[in-house]
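I opened this notebook to record what I looked up in the model, one topic at a time. I begin with backbone angles, then turn to rings, core, cysteines and open space.

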Amino acid sequence: MTFVVTDNCIKCKYTDCVEVCPVDCFYEGPNFLVIHPDECIDCALCEPECPAVAIFSEDEVPAEMQEFIQLNVELAEIWPNITEKKDSMPDAEEFDRVINKSVGPKLKDLER
C-alpha cells in the first residue's frame, strides 16, 4: 500500500510532509507534490503532517479523487525529487480546502 497526494495540494504545496518522510519519496511539480508508490514504505508519517489534508492511504482516497492514484504514479517518474521543506505557494491559504481544483483528465497535461 502507498500514500497518495490528492487535489487539495494543488496551488498550496505545503511541504511539511516532505520533512518527515524517511525514504524521500516525494516529487515536486509546478504547483503540487506527488508520492512515488514504489518508494513509499507506508509509514503514515506524512498524512498527519499535511496542513491541507491532501494525503490519503491509497485505499482511502475519496471516490472523486481516484484519478490521483495514477497521477502520482506517472508524475513521480518525471518530476524531481524533493527532500527538504520549502515555503508553500504564495497564495496557498487562499486555495487551501478549495474543492475540485483539478480539471479531470486534462490535469495530467497541465502539470507536466
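**Backbone entries**

I looked up K13 and noted that, with a relative accessible area of 10%, this lysine is buried. K13 is found in the loop between β1 and α1, and its phi is near 50°, a positive value in a residue other than glycine. I keep in mind that the model is predicted, and I read every angle here as a property of that model. I flagged the sign because most residues other than glycine have a negative phi.

A44 went into the notebook beside it, since A44 also is not a glycine and has a positive phi, of about 70°. I placed A44 in the loop between β3 and α2, the helix of residues 46-49. With a relative accessible area of 30%, A44 is partly exposed, whereas K13 at 10% is buried.

**Aromatic entries**

How many aromatic pairs are there? I counted 2. For F32 and F68, I found ring centres 6.3 Å apart and planes at 80°, and because an angle over 60 degrees counts as edge-to-face, I entered the pair under that heading. This pair links distant parts of the chain, with F32 in the loop between β2 (26-28) and β3 (33-35) and F68 in helix α3 (residues 67-76), 36 residues apart. Both F32 and F68 are buried, and I noted a relative accessible area of 0% for F32 and likewise 0% for F68.

I then followed F32 to W79, where the ring centres are 5.2 Å apart and the planes stand at 80°, so this pair too is edge-to-face. W79 lies in the loop between α3 and α4 (92-95) and F32 in the loop between β2 and β3, so the pair ties together parts that are 47 residues apart in sequence. W79 counts as buried at 8% relative accessibility. I therefore entered F32, F68 and W79 together as one aromatic cluster.

One further contact of the backbone seemed worth a note: F68 and V5 are 63 residues apart in sequence, yet their C-alpha atoms are 7.0 Å apart in space.

**Core entries**

Which residues touch the most other members of the largest nonpolar core? I found F26, F32, I35 and I55, out of 35 residues in that core. When I asked where its members come from, I found that β1 (3-5), α1 (16-20), β2, β3, β4 (55-57), α3 and α4 each supply at least two residues. The largest share, 5 residues, comes from α3, the helix in which F68 lies.

**Cysteine entries**

I searched for disulfides and found 0 in the structure. C46 is in none, and the nearest cysteine sulfur, that of C43, is 6.1 Å away. C46 is buried, with a relative accessible area of 7%. For C50, the closest cysteine sulfur is in C17 at 5.9 Å, which is too far for a bond because a disulfide needs the sulfur atoms within 2.5 Å. C50 is buried as well, with a relative accessible area of 11%.

**Cavity and pocket entries**

I next looked for enclosed space and found 2 cavities of 30 Å³ or more. The largest cavity holds about 70 Å³ of space, and of the 13 residues that line it, C21, C25, C40, C43 and C46 lie nearest its centre. I classed its lining as 12 nonpolar, no polar and 1 charged residues.

The second largest cavity has a volume of about 50 Å³. I listed its lining as V5, C9, Y14, C17, L33, C50, A52, A54 and I55, which divides into 9 nonpolar, no polar and no charged residues. C17 and C50, the two residues of my sulfur check, are thus both entered in this lining.

Last, I turned to open space, where the largest pocket holds about 200 Å³. It is lined by 13 residues, and those closest to its centre are D7, M65, V98, I99 and N100. Which classes make up this lining? I recorded 6 nonpolar, 3 polar and 4 charged residues, whereas the lining of the largest cavity has 1 charged residue and no polar ones.

Technical notes: Residues numbered from 1 in each chain as written. Predicted model: local features only at pLDDT ≥ 70, side-chain atom pairs only at ≥ 80, totals over all residues. Heavy atoms only, no water. 1 Å grid on protein atoms, 1.4 Å probe; cavity = no way out; pocket = protein on both sides within 12 Å on 5 of 7 lines; lining within 4 Å. Points joined across faces, edges and corners; volume = space filled by probe spheres on them. Nonpolar A, V, L, I, M, F, W, Y, C, P; charged D, E, K, R; others polar. Phe/Tyr/Trp six-rings, centres within 6.5 Å; stacked < 30°, edge-to-face > 60°. Helix = DSSP H or I, 4+ residues; strand = E, 2+ residues; numbered from the N terminus. Buried < 20%, exposed > 50% of the residue type's maximum accessible area, 1.4 Å probe, protein only. Core = buried A, V, L, I, M, F, W, Y, C linked by side-chain atoms within 4.5 Å.
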